[in-house]
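Biologist: I'm new to reading protein models. Could you walk me through this one, feature by feature?

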Amino acid sequence: MVTPYDVVSKVVDPELRVVTIAELGILRDVAQEGARVVVTITPTYSGCPAMDAIREDIRKALARKGFDDVAVVTKLSPAWSTDMITPAGHEALHRAGIAPPGSTACPHCDSAKTLQISRYASTPCQALRRCLGCAEPFNAVKTL
Amino acid sequence: MTDPMSEGSSRVNQQARVPQRSGGTPLELADDALIAAQRLSEWVARAPTLEEDVALTNIALDQLGVARLLLQSLGDEDELAYRRGDAEFRNCLLVELPFGRARGDLDFGWTVVWLLFLAAAQKLRYEAWDNEVAAKAVKESAYHLDHATQWVIRLGDGTSLSRERVQAAVEELWPYTHELTEGIRDDWLSIVEPVLKEATLVKPSHDTWRPSGGRSGRHTEHLSYVLAEMQALHRAHPGVQW
Ligand SMILES: [Zn+2]
């Protein structure tokens with residue numbers, strides 16, 4: 001039998017599509033209250049524009065498995081930090097060419113010689129770096 | 001004319017006007033963040049480099065995120081953001097000023113000085129506030145502060161032109177920092193002064209003109225222009241959704 005947690009934990013982040021919301025640490029809890037599924041999530045950044053899309057994706061994924069009565073609750077405390085990204089999340093980011101938090105090594109060639117080009121990148125949670133080994137640019141998840 | 005104070009209080013809950021240990025009320029902090037977000041959004045697609053465009057846009061987004069979370073805790077966020085008149089806003093005057101001497105100006109040096117002053121104050125107020133929104137916002141403010149610090153140093157201790165422009169901004173904006181930092185002045189100075197020093201910038205020697213009034217709803221004309229743009233769509237189409 002598929003549990004609501006199985007379904008919700010496989011929802012991918014709409015911006016970093018290589019990691020699930022569970023791996024990213026933004027999925028806090030999935031509980032069943034009678035027929036209702038209550039999903040608790042937390043935003044990475046206060047203004048993270050992906051939150052609406054994540055709520056929608058959670059509802060859709062659950063509806064596909066027959067869970068129609070769903071409440072998605074946002075909880076701010078404890079505040080999200082990059083420590084909440086799981087080891088599997090770190091691996092998935094690295095495989096996708098994104099340096100996980102705490103690492104500034106090039107995810108393409110593993111060179112440690114890299115430069116920060118911009119403190120902000122395509123999402124609020126990433127910075128932009130460039131590798132001095134292979135010359136490729138890459139995104140890096142900022143440590144928060 | 002109705003009293004703007006009583007008019008404003010009818011839209012927000014009890015909690016909105018309770019002074020915090022950090023010296024500000026939740027409504028003041030929410031309005032500072034909201035108006036700062038709207039101001040910063042003027043930089044979208046207009047910053048000097050693509051990276052900086054992305055940076056300022058992200059900082060605007062952080063400010064908007066905090067403003068929304070705070071307003072949601074104080075009442076109906078749309079009602080509060082889009083239906084209040086200028087006299088009902090409690091933001092400090094600094095956040096409503098244009099990024100330059102005149103309306104429509106968009107000076108990058110001016111903006112980073114503005115952000116340095118603002119982020120230092122926001123960080124201190126969020127740190128001192130036992131609130132889950134603030135606990136999250138403090139990390140973001142620290143990043144904004146760091147970003148502004150690096151730019152102020154780079155431009156202040158840069159070319160004669162860049163120095164001239166950030167020095168002008170320090171002088172023009174300094175009077176407004178008194179209202180911004182009410183109750184946290186010493187802590188704020190201990191953050192900002194070392195940055196100015198490293199950037200070879202000097203504080204204005206005259207420090208007696210201290211404009212205020214934002215916290216009681218008496219704003220500059222600039223806020224009205226900010227609100228006109230921010231609220232036009234919602235006022236024309238009440239309740240409109242994307
Ligand atoms: Zn490389």
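**Reading the model, starting at the metal**

Modeller: Sure. In sequence, the residues that hold the zinc ion follow the spacing C-x2-C-x21-C-x2-C. Keep in mind that this is a predicted model.

Biologist: Okay, but why does that spacing matter for the fold, say for Cys106(A) and Cys131(A)?

Modeller: Look at where each one sits. Cys106(A) is in the loop between strand E4 (98-99) and strand E5 (114-118) of chain A, while Cys131(A) belongs to strand E6 (residues 126-131), so the pair ties together parts that are 25 residues apart in sequence.

Biologist: Which atoms are the protein donors of the zinc ion?

Modeller: They are the SG atoms of Cys106(A), Cys109(A), Cys131(A) and Cys134(A), lying 2.3 Å from the zinc ion.

Biologist: And how do I read the geometry of the zinc site? What do the angles among the donor atoms say?

Modeller: You check the angles against a range: four donors count as tetrahedral if all angles lie between 85 and 135 degrees. Here the angles among the four donor atoms run from 103 to 115 degrees, and the site is tetrahedral.

Biologist: Are Cys106(A) and Cys131(A) buried or exposed?

Modeller: Both of them are buried.

Biologist: Let's zoom out. How many helices and strands does chain A have?

Modeller: Chain A has three helices and seven strands. Walk along the sequence and you get the pattern α-β-β-α-β-α-β-β-β-β. The C-alpha trace of chain A spans about 55 × 30 × 20 Å along its principal axes.

Biologist: What share of the residues of chain A count as buried?

Modeller: Of its 144 residues, 52% do. As for the outside, chain A exposes about 6700 Å², and carbon and sulfur atoms supply 52% of that area.

Biologist: What about charges in chain A? How far apart are the mean positions of the positive and negative ones?

Modeller: There are 16 positive and 15 negative charges in chain A, and their mean positions are 5 Å apart.

Biologist: Now backbone angles. What should I expect before I go hunting for oddities?

Modeller: Most residues other than glycine have a negative phi, and most peptide bonds are trans. Now for the cases that break the habit. Ala135(A) is not a glycine, yet its phi is positive, about 70 degrees. You'll find Ala135(A) in the loop between E6 and strand E7 (137-141) of chain A.

Biologist: Why does Ala135(A) count as exposed?

Modeller: Its relative accessibility is 52%, and exposed means over 50%.

Biologist: Does chain B offer a similar case, and where would I look?

Modeller: Try Thr200(B): its phi is positive too, about 60 degrees, although it is not a glycine. Thr200(B) is placed in the loop between helix H10 (185-198) and helix H11 (221-236) of chain B. At 34% relative accessibility, Thr200(B) counts as partly exposed.

Biologist: And the peptide bonds? Which form does the one from Ser77(A) to Pro78(A) take?

Modeller: That bond is cis, with omega near -5 degrees. Pro78(A) lies in the loop between strand E3 (70-74) and helix H3 (87-95) of chain A.

Biologist: Last topic: contacts. How do I read them?

Modeller: Compare the position in sequence with the position in space. Take Glu23(A), which lies in the loop between helix H1 (4-9) and strand E1 (27-33) of chain A. Glu23(A) and Met84(A) are 61 residues apart in sequence, but their C-alpha atoms are 8.2 Å apart in space. Setting aside residues up to four places away in sequence, Glu23(A) touches several others, including Met84(A), Ile85(A) and Ala88(A).

Biologist: Which residues does Ile59(B) contact, beyond its neighbours within four places in sequence?

Modeller: Ile59(B) is in contact with Tyr120(A), Leu40(B), Leu115(B), His144(B) and His147(B). Ile59(B) lies in helix H3 of chain B and counts as buried, at 0% relative accessibility. His144(B) is 85 residues from Ile59(B) along the chain, with 6.8 Å between their C-alpha atoms.

Biologist: And what does Gly65(B) touch?

Modeller: Leaving out residues up to four places away in sequence, Gly65(B) touches Ser46(A) and Gly47(A). Gly65(B) is in helix H3 (residues 50-74) of chain B and is buried, with a relative accessible area of 3%.

Definitions and conventions: Residues are numbered from 1 along each chain as its sequence is written. Chains are lettered from A and ligands numbered from 1 in the order in which they are written. This is a predicted model: local features need pLDDT of at least 70, side-chain atom pairs count only at pLDDT 80 or more; totals for chains, interfaces and linings use all residues. Side-chain values use heavy atoms; hydrogens and water are left out. Helices (H or I, at least four residues) and strands (E, at least two) are DSSP runs, numbered from the N terminus. Buried means under 20% relative accessible area, exposed over 50%, partly exposed in between (1.4 Å probe, protein chains only). Accessible areas come from the Shrake-Rupley method with a 1.4 Å probe; for residues, only the protein chains shown count as cover. Lys and Arg count as positive and Asp and Glu as negative; His and the chain ends are not counted. The place of a charge is taken as NZ of Lys, CZ of Arg, CG of Asp or CD of Glu. Donors are N, O and S atoms within 2.8 Å of the metal (3.2 Å for Na, K and Ca); water is not among the atoms, so sites may look incomplete. Four donors count as tetrahedral if all angles lie between 85 and 135 degrees; four count as square planar and six as octahedral if opposite donors are over 155 degrees apart and all others between 65 and 115; anything else is irregular. Contact means heavy atoms within 4.5 Å.
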